[in-house]
Amino acid sequence: MPEKLSQSQIDALLNKMASGAAEVQKKPTQKLKDYDFRAPRKFTKEQLKALDGLHETLARVLASYFSSILRTPCEIEALSAEEQRYHEYSNSLPDNTMLGLMSVSSQSGECDENTMLLDLTSTFSFQLIDRLLGGNGKGAIPDRSFTDIEIAVLSNVLENITVRFDDVWKNTFNIDFALETIESNPRLLQLFAPEDIVVITMMNIKMVGTTNTVSICIPAEFLEQTVDQFSRRFTKNKKQHDPEQEKMKKQLILENVCESELEMKAVFDEFSMPLRDILGLQPMDVIPLHKPVNSDISIRIDDQPWFTAKLGETRKRKAIKLNSILNNIVEQTEMVTSGQQSAGNA
């Protein structure tokens, strides 16, 4: 039971509160997070994390590609993905930048035809051009638009990047990437409605002592059709498997394997002869063997010796009688036999 306060103690506390000597504990304020009802979140953190797994693979592939064409070590790190409205992403782009428009389509109908954006900053683009044309990539970055020759050089680079996108994404599901066009002025580009939701993935590129960023803009409409496949591919399945169910699966597989047809051969003896003797063989010639007729013969399954046997006859037909199982396949034979018995009991 709590201790009861006397009237004098209550009066003393009231006097301290009135004079400000007593500290009044304030109720901690709860942190509130803004939520935009006009553009609600379409993807969970787990789904975006699964998308990060795909881009980590893409980052390794692109790092290898840039290191080979630039003749210098290149490191690429995939950063986290986040949702934005398209006008927010478009307004954040500088006036001079290189945008590659990649069309995405699926012949199997897994997703509708759509477009992705790949943004190469002007700093990174001019460094690429300098390295590809023999420079060291450390020169001053010009503050101007791209020339026709520079656009042609970057167009070839974006073509090869699109091929890497196609290779990496096809490991998850069957879609085709193709470079539609390139654009150096994002203000003239309106692919989506301003309020449309897009997912932006940023990548850091380290080369020649500098760090640049590359962004990938993926429409939410496309990801909604494919995000489940991303999750199954890159999210670890923590479900506990039932041992009995796994055992039944193994028995079913073994039962189906036991129905496979194999070629069986009975080999009495093997020997070699010179080619001149083989060419001189005639009907009724006798070829001496290296062992007597009543000795064991080898029974082979798919050219692998499994048994030893004796030659004989049954119902006026040639036959063999198995004697023993060879030592090197005893364990395999026991495994198959026990598997057949388990499958029969099941």
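Q: Before we look at this predicted model, what counts as a salt bridge?
A: A salt bridge is a side-chain nitrogen of Lys or Arg lying within 4 Å of a carboxyl oxygen of Asp or Glu. The general idea is that side chains of opposite charge can pair when their charged atoms come close. Here, D166 and K170 make such a pair, with their closest N and O atoms 3.4 Å apart.

Q: Which residue besides D166 should I look at around K170, and what is the distance between the closest N and O atoms?
A: Turn to D176: K170 forms a salt bridge with this residue too, and the closest N and O atoms are 3.1 Å apart.

Q: Is D166 buried or exposed?
A: The cut-off to keep in mind is that buried means under 20% relative accessible area. D166 has 13% relative accessibility, so it counts as buried.

Q: And how do K170 and D176 come out on that scale?
A: Partly exposed covers the range between buried and exposed, where exposed means over 50%. K170, at 36% relative accessibility, is therefore partly exposed. D176 is also partly exposed, with a relative accessible area of 22%.

Q: How many salt bridges are there in the whole structure?
A: A search of the whole structure finds nine. One of them joins K318 and E313, at 3.6 Å from N to O, and both of these residues are exposed. Elsewhere, R85, E88 and E195 are joined into one network by salt bridges that share partners.

Q: Now for the sheet: in what order do the strands lie?
A: Trace them as β1-β5-β6-β3-β2-β4. These six strands form an open sheet with antiparallel pairing. At the edges stand β1 (75–85) and β4 (176–183), each with a single partner strand, so one side of each has no neighbour in the sheet. On average, neighbouring strands are turned by 20° against each other, direction ignored.

Q: How many bridges join β2 to β4?
A: Seven bridges link β2 (residues 97–105) with β4, and the two run antiparallel. For a pair to find on screen, take V104, whose bridge partner in β4 is F177.

Q: Which strands does helix α4 touch?
A: Helix α4 (residues 122–132) packs on the sheet, where it touches β2, β3 (114–121), β5 (197–207) and β6 (210–219). The direction of α4 makes about 75° with that of β3.

Q: Where does helix α5 lie?
A: You will find α5 (residues 148–169) across β2, β3, β4 and β6. Relative to β4, helix α5 runs at about 155°.

Technical notes
Residues are numbered from 1 along each chain as its sequence is written. This is a predicted model: local features need pLDDT of at least 70, side-chain atom pairs count only at pLDDT 80 or more; totals for chains, interfaces and linings use all residues. Side-chain values use heavy atoms; hydrogens and water are left out. Two strands pair if DSSP finds at least two bridges between them. Helices (H or I, at least four residues) and strands (E, at least two) are DSSP runs, numbered from the N terminus. Axes are lines fitted to C-alpha atoms, for helices over the stretch in contact, and angles run from 0 to 180 degrees between N-to-C directions. Contact means heavy atoms within 4.5 Å. Buried means under 20% relative accessible area, exposed over 50%, partly exposed in between (1.4 Å probe, protein chains only).
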